[in-house]
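Hello,

Here is the structure we talked about handing over. Please have a look, and then read on for what turned up in it.

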Amino acid sequence: MQTQPSLDETAAWLRLTLEPGLGPAQARALLAAIGLPQDIYASSAATLARHVPAELAAQLRRPASAETQACVERTLKWLAEPGHHLLTLADPAYPAALLDTHDPPTVLYVNGRPELLNRSIIAIVGARNATPGGRDNAQAFAQYLAGQGWCIASGLAHGIDAAAHRGALAAGARAGSTIAVMGTGIDIVYPSANLELARRIAAEGALVSELPLGTPSMPYHFPQRNRIVAGLARGVLVVEAARQSGSLITARLASELGREVFSIPGSIHSPLSRGCHALIRQGAKLVESGQDIHEELGQPGSAPPDSRPAPPAAGSAPGGQHALFAPDSPEALVLNALGHDPVDADTLQSRTGMDIAQLGGLLLRLELEEAVARLEDGRYQRLSAP
């Protein structure tokens, strides 16, 4: 049985994500190089300065600011409430699918059932100003797929998102349920008109956010949210979307990760069909019923054709040695392609011939095994030989 992290451990994870000037990539580099957050904060300034700028290293050695400490304490109180959870990269319950992405959240706030994040998930996304027919389609597809055991993920927005959540909930308690990934702190519902829907999702499914409590709605939060929706899902269904639509971002991210993309066609005269038709021209699968998606992906719980083992979670002991990889292993191939100079992901993809999803998953594993470090400019640096 896994032991629950102590309050000090949880507080250290929270502080790491709230630390002013420390970006997610830097945080992951510290986790890979040093270990758990409490180990980071116990390290010397000289050790920290090998991975972050000296000024930031000095900041990490000082006590948390009053503002940061207040946010940590407020979050610990929130976590003490029933149904409230914090999943970290070191948590065995952290969704394995997100470890296969290029930028997994350091922590996830969950209100509801965290186990749903490791279920077989289909994302349903689309226009906020959806047509009545589009909303009906989203609800019908979601209800059918949830009834088959799929968990439905969406973004809690007006229109298609809300209809998808409602359809999944309508499938009943024994069905796959639904996950709402939020572009705000988990304690703020946006749009507020979906407050009652959010309460029902928290009771029967799960609300999820990577953003600290109290974070308001901002335009740049929603592409961040979309990458989580895409990363969690085995497939993404776009119901209605204009040519310039956030739903197309989700579809693109899903495609880059090797997920299946599905699209419902519409009238050639409807602006909300143009994004869907563009996806179909680019290779998305045209679907007319939930059964089309269910048959394409197989039974929930069955492994997708390109499934890979999830990389191990962060939390190795500081200074620990990474595992020795077999010479013909994918990890060794990536390390050999890295050489000893910093290399960007596109160059690595060209050298290895791997798809970007597989490469991203291997790089994260190598980071957490302390074999490579991700630099501030996004390039990767080899730390040791396999």
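Let me begin in the sheet, where N111 stands opposite L207 in β6. N111 belongs to a pairing in which strand β2 (residues 107-112) and strand β6 (residues 206-209) run antiparallel, joined by four bridges. Strands here are DSSP E runs of at least two residues, helices are H or I runs of at least four, and both are numbered from the N terminus; two strands pair if DSSP finds at least two bridges between them.

Before going further, a word on the source: this is a predicted model, in which local features need pLDDT of at least 70 and side-chain atom pairs count only at pLDDT 80 or more, while totals for chains, interfaces and linings use all residues. Residues are numbered from 1 along each chain as its sequence is written, and side-chain values use heavy atoms, with hydrogens and water left out.

The whole sheet is open and has nine strands, in the order β1-β2-β6-β5-β4-β3-β7-β8-β9, with mixed pairing. At its edges are β1 (84-88) and β9 (285-286), each pairing on one side only.

L207 also turns up in the largest nonpolar core (buried Ala, Val, Leu, Ile, Met, Phe, Trp, Tyr and Cys residues joined through side-chain atoms within 4.5 Å). This core has 75 residues, and those touching the most other members are L30, L108, L117, L156, I179, L207 and V238. Helix α1 gives the most to this core, with six residues. A second, separate core of 22 residues includes A138, A163, V239 and V287.

L30 leads us to helix α2 (residues 24-34), where eight of the 11 residues are buried (under 20% relative accessible area with a 1.4 Å probe, protein chains only). Besides L30, the buried residues of α2 include R28 and I34. Among the elements covering them are α1 (7-18), α5 (54-61) and α16 (356-368). Just after α2, G35 takes a positive phi of about 130°.

R28 has one more role to note: together with residues including H102, E367 and Y380, R28 lines the largest cavity. A cavity is a set of points on a 1 Å grid over the protein atoms alone where a 1.4 Å probe fits but cannot get out, and lining residues have an atom within 4 Å of a point. Helix α16 gives the most to this lining, with four residues.

Best wishes

Key: Buried < 20%, exposed > 50% of the residue type's maximum accessible area, 1.4 Å probe, protein only. Contact = heavy atoms within 4.5 Å. 1 Å grid on protein atoms, 1.4 Å probe; cavity = no way out; pocket = protein on both sides within 12 Å on 5 of 7 lines; lining within 4 Å.
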